[in-house]
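Take a look at the model below. This report goes through its chains step by step.

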Amino acid sequence: MIWFIVKRLSMLIPILFGISLLTFLLIRLAPGDPAEAYLRLSHIPPTNQAIQEMNVKLGLDKPLIVQYVDWLGKVVRLDFGNSYVSKQPVWDELMLYFPATLQLTITAVILTVCISVPIGIFSALYKDSMFDHLSRILSFVGASMPTFWLGFLFMYFFSIKLDLLPVVGRGSLAHLVLPSLTLAFAYISTYTRLLRTSMLENLHQPFVFYARVRGLQERVIIGRHVLKMALLPVVTAFGMTIGNMLTGAFIVESIFAWPGLGRFFVSALSHRDYPVVQSCILLMGGIFVVCNLLVDIGYGLLDPRIRWKGER
Amino acid sequence: MFRTLMVRLVQKKALLFSGAIILIMSILVLLAPVLAPHDPNIIDIEHKLQAPSWDFPLGTDHLGRCILSRLIFGTRVSLGTAFLVMGVTMIISIFIGTYAGYRGGRIDYLFMRICDVLLAFPSLFLALALIGILGPGPLNLFLAMVLVQWVFYARIIRGMVLSVKEQNYILAAKVSGTPGPMIVIRHIFPVILSQVAVLFFMDIGGIILTISGLSFLGLGIQPPTAEWGAMINDSKQFFRSHPSLMMYPGLMILTIVMAFNLFGDTLRDALDVRQD
């Protein structure tokens with residue numbers, strides 16, 4: 001098992017290197033000059049001389065490769081430079097907004113698991129029942145729902161018509177309900193469908209037949225054996241989902257004025273605050289890769305065949 | 001026997017139903033100027049935020065523009081952009097995926113490393129980052145979407161080509177001296193084409209959602225062009241007093257995405273294409 005983890009970790013290094021290179025080059029695609037953006041944001045008139053001085057100050061006069069190495073050396077020490085807008089260190093700002101996004105994502109993940117797992121199981125066990133049909137229709141609609149529209153629908157019915165929940169912002173637990181539900185909605189649909197299909201596939205495996213022959217209780221067969229197998233594809237997909245939720249929360253955050261990283265990133269994009277943009281992309285890429293890695297390891301824990309495969 | 005027949009029939013119904021919706025939407029796309037009762041961009045402040053009437057069947061928005069006309073023209077923009085993005089993506093992916101898969105070797109290795117890096121980013125986020133860096137607008141939206149999406153499909157197509165390549169009839173063609181490009185065009189493309197078509201229809205709904213989502217944030221299609229996501233963004237300020245402004249474009253998006261998803265699902269089952 002340790003070898004399996006070490007192997008996966010070593011595969012991470014070239015990918016992280018590639019991510020950093022891509023992030024660095026992506027910023028160069030931007031039309032216009034970072035020095036000019038800096039000056040404009042600092043309310044200094046961008047004269048030619050000022051731009052040149054700024055270029056020297058920001059190290060933009062050096063060859064690209066030197067700039068990259070300098071930047072990477074700093075990033076490794078968690079020095080992401082200072083924001084052009086607030087002039088604060090970017091790392092501090094990221095850590096200010098990140099908890100809000102993390103809170104939203106974790107709540108959405110919990111909602112997804114708590115809602116889709118029971119529905120998926122019951123749909124599969126009572127296939128073609130009224131409940132099954134209803135859950136299939138709902139999950140089909142849910143998967144096609146535009147998030148931003150759904151957010152407003154929730155807001156309209158629960159906050160404005162029924163006056164049950166706060167409209168926007170972050171604070172109490174009640175503030176968390178609508179944004180996390182909006183974020184989770186599409187995933188709940190996807191996972192309900194996925195678990196149902198995967199349960200149905202496993203319900204007709206020979207090992208289920210054998211367990212019945214052994215006289216095991218139906219509850220034990222479903223709970224201990226079928227569910228464990230059926231959860232495998234779900235777990236694989238989950239790593240991607242957590243990464244997608246963390247990084248895809250920007251639409252939900254902008255609807256509900258949730259002070260998270262996604263909203264911060266969108267506003268940095270519109271200000272052309274390059275250090276922030278660069279760091280956000282790097283951070284999001286890193287998080288996404290680590291999520292996938294954790295899932296790989298979790299998968300290895302669940303299914304011994306996978307961790308043994310490469311060892312011989 | 002009876003059961004499979006029933007399944008086929010249900011599938012056929014679903015295919016017909018979703019196909020009909022897509023057909024209606026296509027008619028809206030083609031005949032938008034004829035079907036729309038008004039010019040979608042004529043501003044008439046005196047008639048702003050009106051309730052539905054004979055003249056304006058769905059009422060008017062905050063600038064007095066006819067909502068029905070904007071919805072109809074929005075079909076054009078949303079579907080047009082989505083098909084353009086998906087079409088160009090697919091052409092690039094087929095070309096690169098087939099080349100990497102069929103030739104193998106160093107090009108394939110390079111391609112897979114590019115995949116590793118690009119797929120290390122969540123696609124929606126990368127599209128947002130790209131469009132943010134390039135600047136908002138329809139052309140950059142198109143560029144960002146294609147640049148982000150092509151890797152994913154090229155990798156799938158590469159996999160398809162790899163599995164077809166090992167078939168005996170390809171070997172036979174090689175042995176009888178058919179040149180490589182000929183094998184690809186005559187013997188590999190026809191086999192993978194149905195799978196590619198299924199991919200196209202399964203994912204176009206998602207593309208429509210992404211485009212309208214980015215336009216909603218003000219990064220994609222720019223006002224005053226009538227686009228559903230942008231229309232929802234426009235109606236944001238009025239949604240307490242005039243919630244219907246927001247309902248119509250949302251329903252349009254939901255309907256068309258559902259139709260495409262249903263169409264893609266049934267097409268996949270009917271052609272029995274397995275998804276890996």
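Where in chain A does UniProt place the feature "domain: ABC transmembrane type-1"? The unreviewed UniProt entry puts this domain at residues 98–295 of chain A. Keep in mind that the model is predicted. Over residues 98–295 the chain is 84% helix and 0% strand. The end C-alpha atoms of this span are 21 Å apart.

**Annotated spans in chain A**

The unreviewed UniProt entry also lists "transmembrane region" for chain A, at residues 104–125, 137–160, 172–190, 229–256 and 276–302. The table gives values for two of these spans, along with the domain.

| Span of chain A | Helix | Strand | Distance between end C-alpha atoms |
|---|---|---|---|
| Residues 137–160 | 88% | 0% | 27 Å |
| Residues 172–190 | 95% | 0% | 29 Å |
| Residues 98–295 | 84% | 0% | 21 Å |

**Where the chains meet**

Now turn to the interface. Here 40 residues of chain B are in contact with 45 residues of chain A. The two chains bury about 3,600 Å² between them. Of that area, 83% is on carbon and sulfur atoms.

Polar links are also found. Four residue pairs are in polar contact between chain B and chain A, counting pairs with both residues at pLDDT 80 or more. The rule finds one salt bridge across the interface. Asp265(B) and Arg193(A) form a salt bridge through their side chains, at 2.7 Å from N to O.

Which elements of chain B give two or more residues to the side that touches chain A? They are helices H3 (105–118), H4 (123–134), H7 (180–216), H8 (228–234) and H9 (244–271) of chain B. H9(B) gives the largest share, eleven residues. By class, this side of chain B has 28 nonpolar, seven polar and five charged residues.

**Backbone details**

Most residues other than glycine have a negative phi, and most peptide bonds are trans. Some places in this model depart from that pattern.

In chain B, a cis peptide bond joins Pro223(B) and Pro224(B), with omega about 10°. Pro224(B) sits in the loop between H7 and H8 of chain B.

In chain A, Leu78(A) has a positive phi, near 60°. Leu78(A) lies in the loop between helix H4 (64–76) and helix H5 (90–125). Lys87(A) has a positive phi of about 65°, though it is not a glycine. Lys87(A) is likewise found in the loop between H4 and H5 of chain A.

Are these residues buried or exposed? Leu78(A) counts as partly exposed because its relative accessibility is 42%. Lys87(A) is partly exposed too, with a relative accessible area of 34%.

Technical notes. Residues are numbered from 1 along each chain as its sequence is written. Chains are lettered from A and ligands numbered from 1 in the order in which they are written. This is a predicted model: local features need pLDDT of at least 70, side-chain atom pairs count only at pLDDT 80 or more; totals for chains, interfaces and linings use all residues. Side-chain values use heavy atoms; hydrogens and water are left out. Contact means heavy atoms within 4.5 Å. Buried area is the accessible area (1.4 Å probe) that two parts lose on being put together, summed over both. A salt bridge is a side-chain nitrogen of Lys or Arg within 4 Å of a carboxyl oxygen of Asp or Glu. A polar contact is a pair of N or O atoms within 3.5 Å; within protein, one must be able to donate a hydrogen and the other to accept it, and residues adjacent in sequence count only if both atoms are side-chain atoms. Helices (H or I, at least four residues) and strands (E, at least two) are DSSP runs, numbered from the N terminus. Ala, Val, Leu, Ile, Met, Phe, Trp, Tyr, Cys and Pro count as nonpolar, Asp, Glu, Lys and Arg as charged, and the others, Gly among them, as polar. UniProt positions are given in the numbering used here, feature names are shortened, and annotations may be inferred rather than shown by experiment. Buried means under 20% relative accessible area, exposed over 50%, partly exposed in between (1.4 Å probe, protein chains only).
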